[in-house]
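Me: Please take a close look at a single part of this structure, the place where two of the chains meet. I should like one connected account of that part, with its surroundings brought in where they help.

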Amino acid sequence: MAASAGFPVKMGSEENRAGCSCKGHVSVSEASTQTDTKVQGHIPRLSKANLFTLLSLWMELYPKNKKDQENGTQQIRTTGLVVVNNRQITGLHCSSTELHAGQIAVIKHGPRLKDCDLYFSRKPCCTCLKMIINAGVNRIVYWPADPEVSLLGSKHRSWDAALDASAAERLKSNSRPHICVLLQPLASNMHQYVEETSKNCDFLGEIACENPKLNVEELFAEHRRQKLADYLKVFFVPDEAQHKEILKIMGLQNLCCEPYYSSLRQHMRDLLLVLAAVDSSVPQGHGYGFYCRDVQEAGEGLSQDIARHCVVQARLLAYRTEDPKVGVGAVIWAEGKSSNCDGTGRMYLVGCGYNAFPVGSEYAEFPQMDNKQRDRETRKYRYIIHAEQNALLFRSKEIKEEENTMIFITKCPCDECVPLIKGSGIKQIYTVDRDSGKDKDDISYLRFDSLQGLQKFKWQRNIEDTKSLEQNPTAIRTNGFLGKHGRQVEEEHWTKKKACLQDK
Amino acid sequence: MAASAGFPVKMGSEENRAGCSCKGHVSVSEASTQTDTKVQGHIPRLSKANLFTLLSLWMELYPKNKKDQENGTQQIRTTGLVVVNNRQITGLHCSSTELHAGQIAVIKHGPRLKDCDLYFSRKPCCTCLKMIINAGVNRIVYWPADPEVSLLGSKHRSWDAALDASAAERLKSNSRPHICVLLQPLASNMHQYVEETSKNCDFLGEIACENPKLNVEELFAEHRRQKLADYLKVFFVPDEAQHKEILKIMGLQNLCCEPYYSSLRQHMRDLLLVLAAVDSSVPQGHGYGFYCRDVQEAGEGLSQDIARHCVVQARLLAYRTEDPKVGVGAVIWAEGKSSNCDGTGRMYLVGCGYNAFPVGSEYAEFPQMDNKQRDRETRKYRYIIHAEQNALLFRSKEIKEEENTMIFITKCPCDECVPLIKGSGIKQIYTVDRDSGKDKDDISYLRFDSLQGLQKFKWQRNIEDTKSLEQNPTAIRTNGFLGKHGRQVEEEHWTKKKACLQDK
Amino acid sequence: MAASAGFPVKMGSEENRAGCSCKGHVSVSEASTQTDTKVQGHIPRLSKANLFTLLSLWMELYPKNKKDQENGTQQIRTTGLVVVNNRQITGLHCSSTELHAGQIAVIKHGPRLKDCDLYFSRKPCCTCLKMIINAGVNRIVYWPADPEVSLLGSKHRSWDAALDASAAERLKSNSRPHICVLLQPLASNMHQYVEETSKNCDFLGEIACENPKLNVEELFAEHRRQKLADYLKVFFVPDEAQHKEILKIMGLQNLCCEPYYSSLRQHMRDLLLVLAAVDSSVPQGHGYGFYCRDVQEAGEGLSQDIARHCVVQARLLAYRTEDPKVGVGAVIWAEGKSSNCDGTGRMYLVGCGYNAFPVGSEYAEFPQMDNKQRDRETRKYRYIIHAEQNALLFRSKEIKEEENTMIFITKCPCDECVPLIKGSGIKQIYTVDRDSGKDKDDISYLRFDSLQGLQKFKWQRNIEDTKSLEQNPTAIRTNGFLGKHGRQVEEEHWTKKKACLQDK
């Protein structure tokens, strides 16, 4: 495979790892550095390519119905897919029992695939590849582990899989889109930053606040350890010889030489570590979940698994923030009435975004101080476009009155966004409301509580879950059932409410 | 503000005032002359920029529910907005009690704002500005009076307003879209032409015809006087010192010097005078309105206020006509089932147009004679695309079967357009039918009367309105209740009809 | 008409006739050769222009309700229309009793007409032309026989028609779109190939198989003879003097000189012959039709006339195949709930396609062997995108859950396409299932029979039709009611089924 001959991986300090790109045509501004130059001196950011890659891996893990869960040794592996058009995410998909991720892209996007970039969590099979190429996509990026047509299976299956792999190579060499691996090195302080912000994010913060004797740091570390172990099983080929064999069959023999191979493995592990940390910032199974305790509101919410999955998507997006201090992510999904061919069932992406300065200007040109600064003219607040605003602005689908549309936000929406969310026709908000009720002059969170006409699913403890934090020996109840905020009065209402959701 | 240094206003005869543009990048062909060169020797036309500006002012006056009417001294002022994409109007909006016009643009257009021009009736606040800039709009034009965040208010409010204004300037200097004032001088004979055609348009003509002793000219003049007084209150800052102060806070200090300042004021007054004349051509409160007297037709019409508002939009569009004699305008609106975040409630624009020769050819190449000319080959009729046709052709939304879609036309639709309107799925026509039943060989109006399957709301006297023209001392009833056309037979049907609409 | 002065027709051998194009700006790669260079040495293909022309003629023949059938001597003739955007068909239309084809294009496509190519089966009238030109279309192509405003009528009518024709010429000379005749010579072996593949296609094959003593070849020949006679009446002006007169009135006087005129007539006849052969491959009135005999499936199918019309569209598309052996075509239509202004009633096109190698690569680069070849790596199957896949990929409309969407395929869908069709939300399949149940290793047809959740209308004999093949003296029943497949068991179910369709 000639295209990867110029493979530009340079080994060296961890800070200096360059991008892994099979076809080298990626423009320097996009791929050659992890973070844009304008972020120098600021908090580290994920590159777009790494963000999309992480989201594709995360989409592969989209919660499945039990009956849909397949055997790990099957020939066709579940695959996550991120569709990107003009640098905006227009689709988050996951293969179903009936259809491959590529087939879902054809059904869901059809002619809109033209000029898109597709990020797969596994190399797609040639049946999908031929259609996607014919659709006129710009780039097909895949994670360099076991492909969709598994090469880890039995001998007989491998023969078909090898035929598939060789056909994929032939399609690649005859077609216009770039078909490539595209992993980029993380900024030197990325891991530390992700760990800090995950540990201190509002979700774990809410738990810490309500359970003061709980060692949240330990809880987080334990979670992350477990998640990383899980990911290495799914997204990594532990045996190096076997991995190299797979890479060779996929036409990536150039990636098998040192120092490129070690570099590749390190990039893969680095990204999985980021994913594990972010995943652990919204912990499962400790009695916490997204609950709507407003009696007047009818209608059911999502399963906790899916709500959590979408919130973690928003958490990942927050690592593209341009804000000097606080990253916020927002994702809008809707529940369609119809075709459930997608691995996400009836759920489809409407839009997503993170907080950022206006496009087209290097953000150092704008004031960046926060409300600790006296001079209000040098504060950032009038210039930053919020995650919710960007999610609405760059939505890829319209919000339909007759469907249930949901927004998932990593922080309580402010007074600027609350009327926008309501006016847009969104029906459910999934968020953590630690800032609710605060007034910081330049930015205030006073309107969220009194917001009527849509359902607010807040991250909080499930009253009925008696086991709750007991599983964790460090978890100790504070006095009062729900911690210091004392929501006892609401309990009675709440237990009557049919919309309450169980954390499975 | 360096951008307006090259401000190209030249004082001189009223006929020779050039365009007011803050950022000077507007191409000559578009902005430097009021009317396109091809209209030399013909009737005067409004430039597109002036048309959009007038429509933005008019949208600010969109009828409000009583409960929505706000206090005149509020900090945030109601603002009208025209969204233009590729020289076509794709949205007519008005801020609501909950949302600014800019927020409504984000909710209603989202990613479709890219490359659009936005015409605001007031300078938008920086919260809206940052989102609109981020959406990638091409140009943001505003009327240079009191901005959305009013600078006329109390001291305390002014401080916030000044912070907002200074942030807006900073956003402007760092962003790609043009953010500017764009007023263009009118052609020398524009005022006279607008007055003549308003006075003689079919709406006043219908009244004159049915009330022969009425002095319609006086009625028109009185209306216009009143309207102009109203507009000067809303769209003008009468005190020059205060106006200059506002301009300075908005970063338009260059506009405060003479002769530019006088020129600016004159341009503003000129446009308001045009609006007042057009507004007066469809007079309110003289017992006339849009009524559907067909018993078979079910369904209610719009309130008279809103119907009239939309018809005046069409009347404004008619001043972009390319027809050598008769300007016609058409506007299509639909009533959505859902989100009423817009100041227009559930009403949204589908399309609009005026009569014109085919695009891409200077129209002098086409025959321009009318049916007074013997030689049929030199007549214009086979070449002019009608207002209704252009409104359908350049619609920005699809016409939905399940929604009520309405067309507002300044003239009775001809036999060429009637089947087109019906086939398109439009359900209501608001028009004046003075030409109905006429056959002019090249163009005939025979099919409108027999048109079935949609409701026809015709401009006519409200039978039940006993006060009618009595308010005006010159108004005298003709013999017979409804004037010379003698519709007494229909009265009985009509009074039974539940769909009848009251002129409030 | 200066534009056709450079008319590039070269007389010579039938193989070497060049394209007839009035405006000569058609790029060489598109128009100068019948078949793309990459097909050298392969089966002949229809050029895109010829395919679109054939489809426009065929759309003119779209089955009409009896009450809609107009008199043949009317002034306005029914016209077929193919709308092509970026080389993809986005609309197949037919004028109705109320609206011309051009008006339907305005209503159905509106602003999406920009940059489209429109292929009319007759030159459109100037009322439609002015709107279409104003919409910014790229090219207007028409069949050079009697125009929409018939020039074959009485004297009085001719005067209006002549005015229309002269206005059309003036519109043409002042406008940007190409308005032209565009007929291209067929490849030398095209007729033979179309005849062979029509005679041996699965539809006639199914009849031949079930009626072994029937001379299918004779049946086909008789059909084609009849069809050609019909077409010559509708699409040809038999009298040469009259034809030349019409061409002159339409501004095509340059086409009246020899050798261009003979060449034009020959091209017209050639295309009509292709259409007659393809039309005859799905014979009417011999007891065969598209029937769904599955008791569980509710819902009615289309009338046999319309189903057959759509299948013949797919058969025409199959002649653009890039497969070295088997051409397949697929067309997707949906039945809207609403506006029936189109001559196709509530039916509207969703997408269409044929089988081909991935776009952008000359197909000789891909393996082309079939499963007779031992070496599986050199087989074509992993590289060819199927007709159904392309129809979905390049659809111009979304598939809506609440509407009945149908796919028409010239061959039984394979196991690769079956889940794709089901997942896409298509509700009815019209096809011939001669391959159903076969497993050819590289391509198998095992899943079609067990496909649940949508209706399968298969090409088969209508049990109730007692006349059946008796009309044709050579038709003899095989033993058993339904031929060798013996479906007697199903009969009882089937006669109970309300969804059964009668072949009228």
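Reply: In this predicted model, chain A and chain C bury an area of about 2,800 Å² between them, and carbon and sulfur atoms give 57% of that area. On the chain A side, the residues that lose the most area to chain C are A:Lys130, A:Asn134 and A:Asn174, which together account for 24% of what that side buries. The contact itself involves 31 residues of chain A and 31 residues of chain C.

The polar part of this interface can be taken next. Two salt bridges are counted between chain A and chain C. In one salt bridge, the side chain of A:Lys130 meets that of C:Glu416, with N and O 2.9 Å apart. A:Lys130 thus appears twice in this account: among the three residues of chain A that lose the most area to chain C, and as the partner of C:Glu416 in a salt bridge. Another salt bridge pairs the side chains of A:Arg112 and C:Glu398, at an N to O distance of 3.2 Å. A:Arg112 belongs to the loop between H3 and strand S4 (117-120) of chain A, while C:Glu398 belongs to the loop between helix H12 (387-393) and strand S11 (404-409) of chain C, so this pair joins two chains. Between chain A and chain C there are also seven residue pairs in polar contact, both residues of each pair being at pLDDT 80 or more.

As to secondary structure, three helices of chain A give two or more residues to the side that touches chain C: H3 (101-109), H4 (126-134) and H5 (155-173). H5(A) supplies the largest share of that side, with eight residues. Sorted by class, the side of chain A that touches chain C comprises 13 nonpolar, nine polar and nine charged residues.

The relation between these two chains is one of rotation. Chain A superposes on chain C, with an RMSD of 0.0 Å, after a rotation of 120° with 0.0 Å of shift along the axis. Within chain A, the C-alpha nearest that axis belongs to A:Glu402, at 7.6 Å from it. Chain B is likewise laid on chain A by a turn of 120° and a shift of 0.0 Å along the axis, with an RMSD of 0.0 Å. This is the relation of a three-fold axis. In chain B, the C-alpha of B:Glu402 is the nearest to the axis, 7.6 Å from it.

The contact between chain B and chain A may be set beside the one already described. There, 31 residues of chain B take part together with 31 residues of chain A. The area buried between chain B and chain A is about 2,800 Å², with 57% given by carbon and sulfur atoms. B:Lys130, B:Asn134 and B:Asn174 are the residues of chain B that lose the most area to chain A, and their combined part is 24% of what that side buries. The salt bridges between chain B and chain A number two. B:Arg112 forms a salt bridge with A:Glu398, in which the closest N and O atoms are 3.2 Å apart. Seven residue pairs, both members at pLDDT 80 or more, are in polar contact between chain B and chain A. Helices H3 (101-109), H4 (126-134) and H5 (155-173) of chain B each give two or more residues to the side that touches chain A, and H5(B) gives the largest share, eight residues. The classes on this side of chain B are 13 nonpolar, nine polar and nine charged residues.

For context, the structure holds 70 salt bridges over all chains. Over all chains there are also 39 aromatic pairs. The rings of B:Tyr62 and B:Trp333 form a tilted pair, because their centres are 6.3 Å apart and their planes stand at 40°. B:Tyr62 is in the loop between helix H2 (48-60) and strand S2 (80-85) of chain B, and B:Trp333 is in strand S9 (residues 329-335) of chain B, so the pair ties together parts that are 271 residues apart in sequence.

Some backbone details of chain A complete the account. The peptide bond from A:Glu258 to A:Pro259 is cis, omega being near 5°, and A:Pro259 lies in the loop between helix H9 (240-249) and helix H10 (260-280) of chain A. A:Arg87, a residue other than glycine, has a positive phi, near 70°. The position of A:Arg87 is in the loop between strand S2 (80-85) and strand S3 (88-94) of chain A. Most residues other than glycine have a negative phi, and most peptide bonds are trans.

Conventions: Residues are numbered from 1 along each chain as its sequence is written. Chains are lettered from A and ligands numbered from 1 in the order in which they are written. Side-chain values use heavy atoms; hydrogens and water are left out. Copies are superposed by least squares on the C-alpha atoms of residues with pLDDT of at least 70 in both. Contact means heavy atoms within 4.5 Å. Buried area is the accessible area (1.4 Å probe) that two parts lose on being put together, summed over both. A salt bridge is a side-chain nitrogen of Lys or Arg within 4 Å of a carboxyl oxygen of Asp or Glu. A polar contact is a pair of N or O atoms within 3.5 Å; within protein, one must be able to donate a hydrogen and the other to accept it, and residues adjacent in sequence count only if both atoms are side-chain atoms. Helices (H or I, at least four residues) and strands (E, at least two) are DSSP runs, numbered from the N terminus. Ala, Val, Leu, Ile, Met, Phe, Trp, Tyr, Cys and Pro count as nonpolar, Asp, Glu, Lys and Arg as charged, and the others, Gly among them, as polar. Rings of Phe, Tyr and Trp (its six-membered ring) pair if their centres lie within 6.5 Å; planes under 30 degrees apart count as stacked, over 60 as edge-to-face and the rest as tilted.
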